[in-house]
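Let's take a walk through this one, going from a single contact out to the helices and then the strands. Keep the viewer open as you read.

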Amino acid sequence: MGGPERALTAQIEATSPRRTTVLYARVDGRERPRGPALRRRVRCVAALSQAAELSGGRVLRKQADAVMAVFASPDVATAAAARMQAYAEAGGHKSSDMQVCIGYQTGAVTQEGGHVAGETVERARELSRQAHDGQIVTSAETASTLSAGLRAAVRTLSAVDGKQLREVVWRDSVARLIAAQKKATSARHPALRLTYHEKVLVRRRESEFVVMGRDPALDVVIDEPTASRRHCHIVRRDGKFVLRDHSTNGTYVTIAGEGEVHLHVDSLVLRKTGWLALGMSGDLTEQLVRFACE
């Protein structure tokens, strides 16, 4: 496979659809968003972003009156949405004329660097517009995937344009929703932890790519001349973490207690703990990515 073909293959793999939950929160108000009113909205968005991150989300976009985040599962997004509402309300981060309206959707997205796109993103934004007066709204299909403890807080709304909607009744239920989400998550899939110098990355989502290489837009940027710009990626398939090399010089994989394996334009299932060296043997470089399948 030639250089251009390999680069094209890497780009296609890095943008392959993966399943995630996208949450979109809007801050509405009666006052026009100018001067002090705009500053109040910006402060509220900052509080919502903090609550999303504290809940395990990754904030990908912030505007003056909205925030978008992605979550590992609809359970996590549901608990996060409730926490975001409570955080804004009880913490005094929004004025009496403002309402936080949240919509979220689970489905396939494409990811390139820190950006996600696709119908799931647009649906989450649309659901946030269909939420009113501090509601949390999701689709019937997303609600159907929630664990039993969280489904108990969901009620049916009237259909809009033939699409079935569900509301998460969050007031007086925040603590219960968070506890139910934690209980459901504790029984779920293992995680992959990657460590490169001071950077630590944890991934739990099914079909979520972690892309590594020299390209500064990637998830893990390797300071190693022998590494390709888009060197390799790791994805979770059927409960296993699979490393796929699509580089020029290959990836050197060491699983603890076993010998080093040179992987070149091929795949390998990661197990236990170990380290990766991109472009040269781990015996010859200090640029190691350590992994742990937890």
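Start at Thr-20, where a polar atom of the side chain sits 3.0 Å from the backbone oxygen of Phe-71. Bear in mind that this is a predicted model, so every distance here is computed from predicted coordinates. Thr-20 belongs to strand E1, which covers residues 18-29. Is Thr-20 buried or exposed? Its relative accessibility is 1%, and because the cut-off for buried is under 20%, Thr-20 counts as buried.

A second side-chain-to-backbone contact involves Arg-41, whose side chain reaches the backbone oxygen of Val-27 at 3.5 Å. Arg-41 lies in helix H2, residues 35-54. You might look twice at the accessibility of this arginine: Arg-41 has a relative accessible area of 7%, so it is buried. Another arginine to pick out is Arg-26, which is 15 residues from Arg-41 in sequence and 9.6 Å from it in space, going C-alpha to C-alpha.

Now take in H2 as a whole. The helix has 20 residues, and its first and last C-alpha atoms are 29 Å apart, close to the 28 Å expected at 1.5 Å a residue. Which of its residues are buried? Along with Arg-41, the list holds Ala-37, Cys-44, Val-45, Ala-47, Leu-48, Ser-49, Ala-51 and Ala-52. When you look for a pattern in a list like that, recall that an α-helix has 3.6 residues a turn, so residues three or four places apart point the same way. After H2 comes Gly-56, with a positive phi near 95°.

Cys-44 deserves a closer look. Its relative accessibility is 0%, so Cys-44 counts as buried. Cys-293, on the other hand, has a relative accessible area of 25%, and is therefore partly exposed. As for disulfides, a search of the whole structure turns up zero.

Next, helix H3. It runs over residues 74-90, which makes 17 residues, and spans 24 Å from first C-alpha to last, close to the expected 24 Å at 1.5 Å a residue. H3 is mostly covered, with twelve of the 17 residues buried. Among them are Pro-74, Asp-75, Val-76, Met-84 and Gln-85, and the buried set also includes a run of alanines from Ala-79 to Ala-82.

On to the strands. Six of them make an open sheet, ordered E10-E9-E19-E18-E15-E16, with antiparallel pairing. At the edges are E10 (199-203) and E16 (260-263), each of which pairs on one side only. From one strand to the next, the twist averages 20°. Inside that order, E15 (residues 251-255) and E18 (residues 273-278) run antiparallel and are joined by five bridges. To find the register, click on Ile-255: its bridge partner in E18 is Gly-274.

Finish with strand E14, residues 240-245, which has two pairings to trace. One is with E13 (residues 232-237), an antiparallel match with six bridges, in which Arg-237 has Lys-240 of E14 as its bridge partner. The other is with E17 (residues 267-270), also antiparallel, with four bridges. There, Phe-241 stands opposite Leu-270 of E17. As you step along these strands, remember that in a regular strand the side chains alternate between the two faces of the sheet.

Methods. Residues are numbered from 1 along each chain as its sequence is written. This is a predicted model: local features need pLDDT of at least 70, side-chain atom pairs count only at pLDDT 80 or more; totals for chains, interfaces and linings use all residues. Side-chain values use heavy atoms; hydrogens and water are left out. The expected span of a helix is 1.5 Å times one less than its number of residues. Buried means under 20% relative accessible area, exposed over 50%, partly exposed in between (1.4 Å probe, protein chains only). A polar contact is a pair of N or O atoms within 3.5 Å; within protein, one must be able to donate a hydrogen and the other to accept it, and residues adjacent in sequence count only if both atoms are side-chain atoms. Two strands pair if DSSP finds at least two bridges between them. Axes are lines fitted to C-alpha atoms, for helices over the stretch in contact, and angles run from 0 to 180 degrees between N-to-C directions. A disulfide is a pair of cysteine sulfur atoms within 2.5 Å.
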